[in-house]
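Trainee: Could we go through this structure together? I would like to learn how the descriptive words are earned.

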Amino acid sequence: MPRRPLIAAALALVWIAPPTVRDSSILVAAEPAKIADSLGRRIIDKELPRQQTEKYAAGKVPPLPQATTPADWERHVARWREETFAKVIYRGEAAGWRDAETEVKWFDTLEPGEGYRIRKLRFEAIPGLWVPALLYEPAKLEGKVPVVLNVNGHDAKGTAAPYKQIRCINQAKRGMIALNVEWFGMGQLRGPGFDHYKINQLDLCGTSGLALHYLSMKRSLDLLLDHEHADPKRVAVTGLSGGGWQTIVISALDERVTLSNPVAGYSSYVTRTAHLSDLGDSEQTPVDLATVVDYTHLTAMRAPRPTLLTYNAKDNCCFASGHALPPLMDAARPVFDLYGKSDALRSHVNEDPGTHNFEKDNRQALYRMFGDFFYADAKDFDPAEIPCEDDVQSAEALAVPLPEDNLDFHKIALGLMKDLPRASDAKPQAAREALREIVRAREYSVRGERAFEEAAEGGVKATGWKLEVGGTWTLPATLLEPAVTNAAANEKPPLTILVADEGRAKSTGRVEKLLASGRRVLAVDPFYLGESQLTGRDWLLGLLISAIGDRPLGLQASQTAAVARWARQELDAGPVEIVAVGPRASLFALVAAALEPEAIGDLTLHDSLSSLKQIVEKDITVRTVPEYFCFGLLERFDVPQLEELVKPRAVRKE
């Protein structure tokens, strides 16, 4: 055999070290199988990331304070309302939407049954976003009568859902004015642009997506109370599931609501950490709500106004009565007692069918509330449901004309992002502090514990680490060190921290190249990635992290920066290079490098976003990448501005 191929083959097995290693040193080529085996060794229990997230979130939910007098309690309530509006709902452009004029358009009137009529209408929740609704009126109207806002849950039939029509017909036949309003993503507002997880696209732009839901409810109440026959002392709201959530939110925050009946719509955030079935969509878990109030607070804020909490014993969706109801009643009962209004707080548990429903038994519980609090002097009031199944109309018959260019969540976000980020002349340190606040960065300490240690073989030495971060999080990490052939092995080669969207276990190729270049590699799985993935409904836990005042992106960046500081000290490294593989890892690595100019050196990003606007342009939702939707990040920073904060260190993109 000719000698030349043999020489070439031999040279392929070794690599001459860079200047950081003595010239006489020879690195032994690491075997991919050995690298893969070391990276794939599990270090933490599969359930640990979820358990730590649940514990952390539950510990951050504010407890309900005690009050000794109604005046003391009302001071709390006034502050909670003010802060919820200022810090959660009316943020960014939403403050302007709040003050906009509401346009209403009326259409034809239906008379499908005896004793009532249905008037079709639409109104603007915000300028350009029209919501269809149906106003059920008694055939004969005299004087002032009760009004009821009937909000919808996650039912594709929307306002045409039979159980909702029956409820509204019964209200009208009893002399009440009932508004059946469409909910985003349901009925006539179905469509990808109204996916509830897309309100977080607005959050990224610094405007509260929750405001769209709240303003739709507020405008609905405005409509009802503008009716010439509306009695402002008898105003009710009720709805199932997402409608139950809408009910408690508007009923707690809007003092005009005198009677409230949320049905299987919510539970405490603390309850949700133990019952993942209760973790709700983006509107149920809006950014920063739990920094002000929990749903226990919202329930107790109803005091002393009549409130019926309806839950289902065998709920096959969420908020089953056994775990959801008791904490809410326990929180609210002492406050109602404080006012001497114990009878105004009631609960109803449906046993038949007991599933997720607002059927006859639950509806009749509502009618009893109407009788006791709206018609207390009417001796002939009968809470039994009035049969009206034959009056139920088709969706086509109830349809309200909508403009073809009606806005939706995604269109609104596209409009908001056009002029972002806003120009800023802040100096690097001031910009860095602004970024720290936006992502809610933390200065975590790290304690390392060896999980395993393997002698050098196959061209590499491997050490597994459990990194306890901030006394809260446990991150798995694998340190891989290239093998060398002489005494120069005592020198510590430069260190690279590797983070990857797919996790360290699938990063063999990247690690192999870094080892071949003479570098040590610390492959880490921060929050949400690799071995740190959350089991079960992970995006909902990501929403919960934002609701309690943190940000998933900030957690990832803070963990990465903390690991870099630890590695610099404990692994005898200078400023460490970070290599991030994938758009998710690249974003939090970029934020970490911007926030940590001392411990983090150069940055190499693979397949990174070129702009945060791509998130909205590609119509990504929080369900797929929760950390992208950091509230207000795009309002102040885009990728180029983040890269500026890393300079003079290098940011390489590959």
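Mentor: Gladly. Let's begin with helix α18, whose buried residues pack against α3, α7 (199-204), α10 (269-274) and α19 (552-570). Please keep in mind that this is a predicted model.

Trainee: What makes α18 largely enclosed by the rest of the structure?

Mentor: A residue is called buried when its relative accessible area is under 20%. Nine of the ten residues of α18 are buried, so the helix counts as largely enclosed. Those buried residues are Trp539, Leu540, Leu541, Gly542, Leu543, Leu544, Ile545, Ser546 and Ala547. Just after α18 comes Gly549, with a positive phi of about 105°.

Trainee: Why are α3 and α18 called roughly parallel to each other?

Mentor: Compare the angle with the cut-off. The axes of α3 (residues 48-60) and α18 (residues 538-547) cross at roughly 30° and come within 10 Å. Angles under 35 degrees count as roughly parallel, and therefore α3 and α18 are roughly parallel to each other. Their crossing is left-handed.

Trainee: Which residues make that contact?

Mentor: From α3 come Arg50, Thr53, Glu54, Tyr56 and Ala57, and from α18 come Leu541, Leu544 and Ile545. By class, the contact of α3 with α18 has five nonpolar, one polar and two charged residues.

Trainee: What makes α4 oblique to α8?

Mentor: Helix α4 (residues 70-89) and helix α8 (residues 210-226) have axes that cross at roughly 135° and come within 10 Å. Roughly antiparallel needs an angle over 145 degrees, and roughly perpendicular covers 65 to 115. The crossing belongs to neither group, which means α4 is oblique to α8. In this contact Phe85, Val88 and Ile89 of α4 meet Leu210, Ala211 and Tyr214 of α8. The class count for α4 with α8 is six nonpolar, no polar and no charged residues.

Trainee: And how do you know that α8 is roughly perpendicular to α9?

Mentor: Here the axes of α8 and α9 (residues 242-253) come within 11 Å and cross at roughly 70°. The perpendicular range is 65 to 115 degrees, so α8 is roughly perpendicular to α9. On the α8 side are Leu210, His213, Tyr214, Met217, Lys218 and Leu221, which meet Trp245, Gln246, Val249, Ile250 and Leu253 of α9. The contact of α8 with α9 divides into eight nonpolar, two polar and one charged residue.

Trainee: Let's turn to the strands. Why are β3 and β11 said to stand at the edges?

Mentor: They belong to an open sheet of nine strands with mixed pairing, in the order β3-β4-β5-β7-β6-β8-β9-β10-β11. β3 (104-110) and β11 (345-350) each have a single partner strand, so one side of each is left without a neighbour in the sheet. On average, neighbouring strands of this sheet are turned by 20° against each other, direction ignored.

Trainee: How do you know that β6 and β8 pair?

Mentor: Pairing takes at least two bridges between two strands. Six bridges join β6 (residues 145-151) to β8 (residues 230-240), and these strands run parallel. For example, Val148 has Ala236 in β8 as its bridge partner. Helix α9 packs on the sheet as well, touching β6, β8 and β9 (259-263), and its direction makes about 145° with that of β8.

Trainee: What makes β15 mostly covered?

Mentor: The cut-off for buried is again under 20% relative accessible area. In β15 (residues 495-500), six of its six residues are buried. Leu495, Ile497 and Val499 point one way while Thr496, Leu498 and Ala500 point the other way, and all are buried.

Trainee: Which strands does β15 pair with?

Mentor: Four bridges join β15 to β16 (residues 520-524), running parallel, and Thr496 stands opposite Val521 in β16. With β17 (residues 576-581), β15 pairs in the parallel sense over five bridges, and Ile497 stands opposite Ile578 in β17.

Trainee: How many of the chain's residues count as buried?

Mentor: Of its 654 residues, 60% do. The chain's secondary structure comes to 23 helices and 19 strands.

How values were computed:
Residues are numbered from 1 along each chain as its sequence is written. This is a predicted model: local features need pLDDT of at least 70, side-chain atom pairs count only at pLDDT 80 or more; totals for chains, interfaces and linings use all residues. Side-chain values use heavy atoms; hydrogens and water are left out. Axes are lines fitted to C-alpha atoms, for helices over the stretch in contact, and angles run from 0 to 180 degrees between N-to-C directions. Helices (H or I, at least four residues) and strands (E, at least two) are DSSP runs, numbered from the N terminus. Contact means heavy atoms within 4.5 Å. Ala, Val, Leu, Ile, Met, Phe, Trp, Tyr, Cys and Pro count as nonpolar, Asp, Glu, Lys and Arg as charged, and the others, Gly among them, as polar. A crossing is left-handed if the near helix is turned anticlockwise from the far one by less than a right angle, and right-handed if clockwise. Buried means under 20% relative accessible area, exposed over 50%, partly exposed in between (1.4 Å probe, protein chains only).
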